[in-house]
Amino acid sequence: MDYSQVRDVDPDVADALSGEVQRQRDTLAMIASENHVSEAVLEAQGSALTNKYAEGYPGERYYAGCEYADEIENLAIERAKELWGAEHVNVQPHSGTQANMGVYLAMLDPGDKILSLDLTHGGHLSHGHPANFAGQTYEVEQYEVDPETGYVDYEGLAEIADEFDPDIIVSGYSAYPREVDFQRVQDVANDVDAYHLADIAHITGLVAAGVHASPVGVADFVTGSTHKTIRAGRGGIIMCDEEHAKAIDNAVFPGAQGGPLMHNVAGKAVGFKEALSESFEAYAEQTVANAKALAETFTEHGLEVVSGGTDNHLVLVDLRPSHPETTGKDVEAALEDAGIIMNANTVPGETRSAFDPSGIRLGTAALTTRGFDEDVTREVGELVVSVVDNYDDEDVVADVTDRVQELCAEYPLYE
């Protein structure tokens, strides 16, 4: 990855691109929504399809010259159907958020009601936060996790749904470490005559590999990101039954987007093919095993893990019980200095702001891609604890940095 062609035209951008590759090589990516795609996916996303407008859908384009765009989009669709068992798939959304937008536009009118998990309890902006289009367009009520257990309060969800009478209930979350009971949410939706949208943005790959329960065939609509645990081209996806196919497709194009990013669709197609292999199932299983090892390590060293552990790829830590004066941003900055990249995150019952919250969120998807197993992940957990305990101690941070560099060399990326 020398970016020689870019360097001939724009040395500044070439330097930044090379710097980003080196940054990824020399740091441990533990942001739960990030991963490292293969070089095949990178090549597909950097392809000549960047040049091609392909408004519409395969066989029904608004421009000529789409024969190869059609072929690639059809491959992405068929592979997605095989991975998740969906009747209908739209692979054109530019992101998980725009996938959610597609469902809202297809099934709701402005002012209709959305019931979703509160952002500080693990929800997502696109589920109805007032700063997002969803919160500005629709009436939103929110449910929470049980403050004692950290699990979704399904009984509370049902009570709120009965009172609020939503048009759509959203399940699937951005900072929730436990398996989601999609059937239980669907039962609530049935009781109040609401649609059910399951947003599996974070767990798309885990669902595909069968290490997390699937909402496909349970929820009315399933949306997801294609670049997190599934390791495909960056973007979004919508899955539904055939009865809603036309409404969804029309909502995505022309309702919410213009021409699809066909180079990203190519990256999705390649990544989906990789995910159909037996090795991907082993990867997903290892990702969850590593997350469990990480959570256990934190607990053994006195950190408060929300819900007491994890069933998926992420661990959420509440710093308040063990480090009441330390904020998530304090830890995020110190860990970044040490070469461990994660993010500060709100926690249930948040008492600080979203900009400087009380928790940290860490994921194992990218570490697992590099080849980490439970033992190495436990060591990374111990390094994190060292920084949490001594985030303002330069010597400790320096020692952790040295070990991180050794681990990066032992488990190289993009050689």
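Helix α12 covers residues 278-300 of this predicted model. With 23 residues at 1.5 Å a residue, the helix should span 33 Å, and its end C-alpha atoms do lie 33 Å apart, so expectation and model agree. Many positions of α12 are buried, among them Phe 280, Tyr 283, Ala 284, Thr 287, Val 288 and Ala 291. Further along the helix, Leu 294, Ala 295, Thr 297 and Phe 298 are buried as well. Just after α12, Gly 302 adopts a positive phi of about 90 degrees.

Another backbone feature is found in helix α10, which comprises residues 245-256 and contains Pro 254. The peptide bond leading from Phe 253 to Pro 254 is cis, with omega near 10 degrees.

The surface carries a patch of negative charge, whose members include Glu 139, Glu 155, Asp 162, Asp 165, Asp 187 and Asp 193. Three elements, β6 (139-143), α7 (154-164) and α8 (182-191), each contribute at least two residues to the negative patch. Helix α7 provides the largest share, with four residues. Asp 187 belongs to helix α8, and its relative accessibility of 37% places it in the partly exposed class.

Two members of this patch lie in loops and also have an unusual backbone sign to report. Asp 165 sits in the loop between α7 and β7 (168-171), where its phi is near 55 degrees, a positive value in a residue other than glycine. Because its relative accessible area is 45%, Asp 165 is classed as partly exposed. Asp 193 is located in the loop between α8 and β8 (195-199), and its phi, likewise positive, is near 55 degrees. Asp 193 has a relative accessible area of 70% and is therefore exposed.A nonpolar patch is also present on the surface, formed by Tyr 53, Tyr 62 and Tyr 63. Together these three residues have about 400 Å² of accessible area. Tyr 53 is placed in the loop between α3 (39-45) and β2 (56-57). With 51% relative accessibility, against a cut-off of over 50%, Tyr 53 counts as exposed.

Side chains of opposite charge can pair when their charged atoms come close. In the whole structure, 14 salt bridges are found. One of them joins Arg 320 to Asp 318, with the closest N and O atoms 2.8 Å apart. The partners differ in exposure class: Arg 320 is partly exposed, at a relative accessible area of 21%, whereas Asp 318 is buried, at 9%.

A further salt bridge connects Glu 332 with Lys 329, the closest N and O atoms being 3.5 Å apart. What separates Glu 332 and Lys 329 in helix α13? These residues are three positions apart in the helix, which spans residues 328-338, so about one helical turn lies between them. An α-helix has 3.6 residues a turn, so residues three or four places apart point the same way. Lys 329 is partly exposed, with a relative accessible area of 36%.

Arg 403 and Glu 379 form another salt bridge, in which the closest N and O atoms are 2.5 Å apart. This pair links distant parts of the chain, 24 residues apart: Arg 403 lies in helix α16 (residues 394-410) and Glu 379 in helix α15 (residues 374-389). Glu 379 has 25% relative accessibility and therefore counts as partly exposed. Both residues take part in a network of salt bridges that also links Glu 406 and Glu 410.

Methods. Residues are numbered from 1 along each chain as its sequence is written. This is a predicted model: local features need pLDDT of at least 70, side-chain atom pairs count only at pLDDT 80 or more; totals for chains, interfaces and linings use all residues. Side-chain values use heavy atoms; hydrogens and water are left out. Patches are made of residues with over 30% relative accessible area and no salt bridge: like charges are joined within 9 Å, nonpolar side chains (Val, Leu, Ile, Met, Phe, Trp, Tyr) within 5 Å. Accessible areas come from the Shrake-Rupley method with a 1.4 Å probe; for residues, only the protein chains shown count as cover. A salt bridge is a side-chain nitrogen of Lys or Arg within 4 Å of a carboxyl oxygen of Asp or Glu. Lys and Arg count as positive and Asp and Glu as negative; His and the chain ends are not counted. The place of a charge is taken as NZ of Lys, CZ of Arg, CG of Asp or CD of Glu. Buried means under 20% relative accessible area, exposed over 50%, partly exposed in between (1.4 Å probe, protein chains only). The expected span of a helix is 1.5 Å times one less than its number of residues.
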